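Please take a look at the protein chain shown here. Have the sequence and the 3D view open together as you read.

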Amino acid sequence: MMNALKYHNFDNFTALAEALSQQWLNIILASPGASSFALAGGSTPAPIYRRLDALLSSSASAQPVKLVATDERWVADSDEQSNEGLFRRCLQTSSRDRRWQLVSLKNAASTPEIATEAIHERLQTELPHSFSAVLLGMGNDGHVASLFPGAPTQHDHLNCLAAVHPQTHQCRMSLSLPRLLNTERLWLVITGAEKRQVLETAMQQDLPVAALIRAAHCGIDVFWCP
């Protein structure tokens with residue numbers, strides 16, 4: 001339901017990143033054990049990750065934090081398009097004490113299709129519980145993670161599925177919609193008037209983000225700035 005969306009509006013992305021990273025830090029500090037998060041890639045959320053890295057590095061907490069990408073391109077970590085590579089670059093400081101534990105969506109298989117079963121087993125073993133929070137972005141076409149319009153949002157019972165970008169035909173691995181929804185909190189980070197309009201009209205267009213909203217077990221916090 002659309003009333004599950006709670007908007008947090010900011011004048012600029014710096015203010016947005018500060019608010020979200022503080023909320024994220026509070027969850028980590030309040031956790032009695034390891035917390036876990038699924039994170040969007042791309043350039044948009046990078047300032048949030050860098051800000052959290054700085055905040056966490058100066059905190060007294062030493063609790064482990066498990067991370068997984070919401071989706072990943074089938075490229076090497078050194079590739080600038082790699083989300084897992086992005087996390088490593090943004091979380092360098094607090095990684096020195098091994099606080100971060102990255103669960104990879106990749107292996108040595110030649111394609112995501114071949115790797116799906118193995119990655120599912122990895123996720124089942126290393127992330128068996130609900131996420132503490134899932135941070136998602138959204139494309140102008142209403143896609144989230146690598147769940148694109150007109151494409152499947154899950155594959156059998158698996159926690160992940162192979163996906164192909166409809167324009168670039170790039171191969172990817174994505175968390176399935178049910179696994180994304182297995183979380184205590186959902187954060188959706190969007191910028192600009194166009195994406196806000198897409199989100200506000202998503203239910204009339206049956207977009208992937210609409211499927212997310214309909215099936216969510218918790219409210220969705222939308223962090224938006226122009």
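This report covers aromatic rings, one bent helix, the cysteines and three single residues.

## A predicted model

The model is predicted. Keep that in mind as you read the values below.

## Aromatic pairs

How many aromatic pairs are there? The count comes to 5. One of them joins Phe 10 and Phe 223. Their ring centres are 6.1 Å apart, and the planes differ by 5°. This pair is stacked, because planes under 30 degrees apart count as such.

Where do these two rings sit along the chain? Phe 10 is in the loop between β1 (5-9) and α1 (13-30). Phe 223 belongs to strand β10 (residues 220-225). The two are 213 residues apart, so the pair links distant parts of the chain. Are the partners buried or exposed? Phe 10 has 17% relative accessibility and counts as buried. Phe 223 is buried too, at 2%.

Ring pairs also build a cluster. Its members are Trp 24, Phe 37, Tyr 49, Phe 87 and Trp 187.

## Charges over rings

Two arginines lie over aromatic rings. Arg 179 is placed over the face of Phe 131, 4.0 Å from the ring centre. Arg 196 has its charged end over the ring of Trp 224, with 4.8 Å to the centre.

## A kinked helix

Helix α5 spans residues 112-126. Where is it kinked? The kink is centred on Ala 118 and comes to about 35°.

Which residues of α5 are buried? They are Pro 112, Ala 115, Thr 116, Ile 119, His 120 and Leu 123. These buried residues pack against three strands: β3 (65-69), β7 (160-164) and β8 (171-175).

## Cysteines without a bond

How many disulfides does the whole structure hold? The search finds 0. Take Cys 90 as a case. Its closest cysteine sulfur is in Cys 225, 17 Å away. A disulfide needs sulfur atoms within 2.5 Å, so that distance is too far for a bond.

Cys 90 is buried, at 5% relative accessibility. Cys 218 is buried as well, with a relative accessible area of 17%.

## His 8 in strand β1

His 8 is found in strand β1. It counts as buried because its relative accessibility, 18%, is under the 20% cut-off. Which side chain does His 8 meet in a polar contact of 2.7 Å? The partner is Asp 221.

Beyond its neighbours within four places in sequence, His 8 is in contact with Asp 221, Val 222, Phe 223 and Trp 224. Two of these names have come up before. Phe 223 stacks with Phe 10, and the ring of Trp 224 lies under the charged end of Arg 196.

## Leu 67 in strand β3

Leu 67 is part of strand β3. It is buried, with a relative accessible area of 3%. Leaving out residues up to four places away in sequence, Leu 67 touches Trp 24, Phe 37 and Leu 39, among others. Trp 24 and Phe 37 are also members of the ring cluster.

## Arg 172 in strand β8

Arg 172 sits in strand β8. Is this residue buried or exposed? At 6% relative accessibility, Arg 172 counts as buried.

Its side chain makes a polar contact with the side chain of Ser 146, at 3.3 Å. Another polar contact, of 3.1 Å, reaches the side chain of Gln 170. Farther along the sequence than four places, the contacts of Arg 172 include Asp 71, Glu 72, Pro 112 and His 165. Pro 112 is one of the buried residues of α5.

Notes
Residues are numbered from 1 along each chain as its sequence is written. This is a predicted model: local features need pLDDT of at least 70, side-chain atom pairs count only at pLDDT 80 or more; totals for chains, interfaces and linings use all residues. Side-chain values use heavy atoms; hydrogens and water are left out. Rings of Phe, Tyr and Trp (its six-membered ring) pair if their centres lie within 6.5 Å; planes under 30 degrees apart count as stacked, over 60 as edge-to-face and the rest as tilted. Helices (H or I, at least four residues) and strands (E, at least two) are DSSP runs, numbered from the N terminus. Buried means under 20% relative accessible area, exposed over 50%, partly exposed in between (1.4 Å probe, protein chains only). A charge sits over a ring if NZ of Lys or CZ of Arg is within 6 Å of the ring centre and within 35 degrees of the ring normal. The bend at a residue is the angle between axes fitted to the seven residues ending there and the seven starting there. Contact means heavy atoms within 4.5 Å. A polar contact is a pair of N or O atoms within 3.5 Å; within protein, one must be able to donate a hydrogen and the other to accept it, and residues adjacent in sequence count only if both atoms are side-chain atoms.
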